[in-house]
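Visitor: I would like a short tour of one model. Please keep it brisk.

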Amino acid sequence: MTRPAVHLLFGMPRSGTTFLARALETLPGVAVFGESDFFGRSYVRPGDDGLYDRRALAAVVAKQSTKEWSDTTGDRHHPLARIPGGTYPQLVADALGELAHATPRAAFDAIAAAVARHTRCATVIEKTPGHLLFVDRVATALPDVRCVASWREPSGFVRSFLGLDQRAPKAMVRMLGRLSRHTAVGVLMWRSYMRALQRARTCLGSRLMVLDYEQLRVDPTRTVARAAAHFDLPEPTTDLGGLPRNATAQPGDAAPTDLKLWLRLLANDVERGAVARAALPPTSPARALRSVTTVIPASVLFAARVLPQVEGPLAYLRGYLGRGGAQ
């Protein structure tokens, strides 16, 4: 089998990346896998020579052994069809187990090739939303890769972020505790992804297509067709209306009453934000005071109880809430 075409799908969480993945996998000859987080939180740094030795390759296999679609989609009844549960870890072990050394790109390509062989597909798409935060690393490791990134305006993103507890809580949500339900943290996450999206436009250029979640919601067929064309794939012929969707916030849901306050305080530097902020009602002085006095004790409690125990996850958290994963 010839080397498969390999593409990446990433973007803001809660912006339709899983729906895009499911829609693209309805195309013949296309397999989607993830969320490997290969270049993100699960990245294994190579040695000074830029290569993985056997020990590093074993670390890659160990990290990838935890990846399951039913976990990443949050829905055990609708995982992506071509890679059934329990299959992916073995594919990774088989792909990397015989290698003595490899660059990160070669290791990633070997995994993608194993997925292609298993599914008998000529095109492989890896979907990890958080790869957007590490786009500098992605662009360096995969200089010819084509990518599709999705984004969402701040009101919808923050509303969906605050509703994550309605689904199975993610590790970060559990770790943040009360902070996970505060508007300020949602705004910080949105800002980090928007800054990363700006970097992605610069370092990927024409290899990047950016899709708006609202376009995907209103006209999924045409929006998916645009993504498919960017990957040199045919338009979908399957009815996409029956595909499950993960986003929790609905168009009619009200935005948090303190959203405009935190966007102005924390994300005023991000372009496009001003467009969405203009439609938001102002935050009343009473609501602003309540919001600020809520976040301070929650932050202190988080720092006292959690930070001493999570040095590793904390570094990743700083990437989300601070510099946006810049390398």
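Guide: Here are some questions and answers on helix packing, cysteines and backbone angles.

This is a predicted model, in which local features need pLDDT of at least 70, side-chain atom pairs count only at pLDDT 80 or more, and totals for chains, interfaces and linings use all residues. Residues are numbered from 1 along each chain as its sequence is written, and side-chain values use heavy atoms, with hydrogens and water left out.

Visitor: Why are the buried residues of helix 4 on the same side?

Guide: Helices (H or I, at least four residues) and strands (E, at least two) are DSSP runs, numbered from the N terminus. Buried means under 20% relative accessible area, exposed over 50%, partly exposed in between (1.4 Å probe, protein chains only). In helix 4 (residues 88-96), the buried residues are Tyr88, Pro89, Leu91, Val92, Ala95 and Leu96. They share one side of helix 4 because they cover an arc, taken over the directions from the helix axis to the C-beta atoms, of only 160 degrees.

Visitor: Which elements do the buried residues of helix 4 pack against?

Guide: Contact means heavy atoms within 4.5 Å. By that cut-off, the partners are strand 2 (30-33), helix 2 (54-64) and helix 5 (104-119).

Visitor: Is helix 4 oblique or roughly parallel to helix 5?

Guide: Axes are lines fitted to C-alpha atoms, for helices over the stretch in contact, and angles run from 0 to 180 degrees between N-to-C directions. The two helices pack at about 120 degrees, with axes 9 Å apart. Angles under 35 degrees count as roughly parallel, over 145 as roughly antiparallel, 65 to 115 as roughly perpendicular and the rest as oblique. Helix 4 is therefore oblique to helix 5.

Visitor: How far from Cys147 is the nearest cysteine sulfur?

Guide: A disulfide is a pair of cysteine sulfur atoms within 2.5 Å. The structure holds zero of them. Cys147 is in none, and the nearest cysteine sulfur, that of Cys203, lies at 8.5 Å.

Visitor: Is Cys147 buried or exposed?

Guide: The relative accessible area of Cys147 is 0%. That makes Cys147 buried.

Visitor: Where is Arg120, and is this residue buried or exposed?

Guide: Phi of Arg120 is near 60 degrees, a positive value in a residue other than glycine. Most residues other than glycine have a negative phi. Arg120 sits in the loop between helix 5 and strand 3 (123-127). At 76% relative accessibility, Arg120 is exposed.
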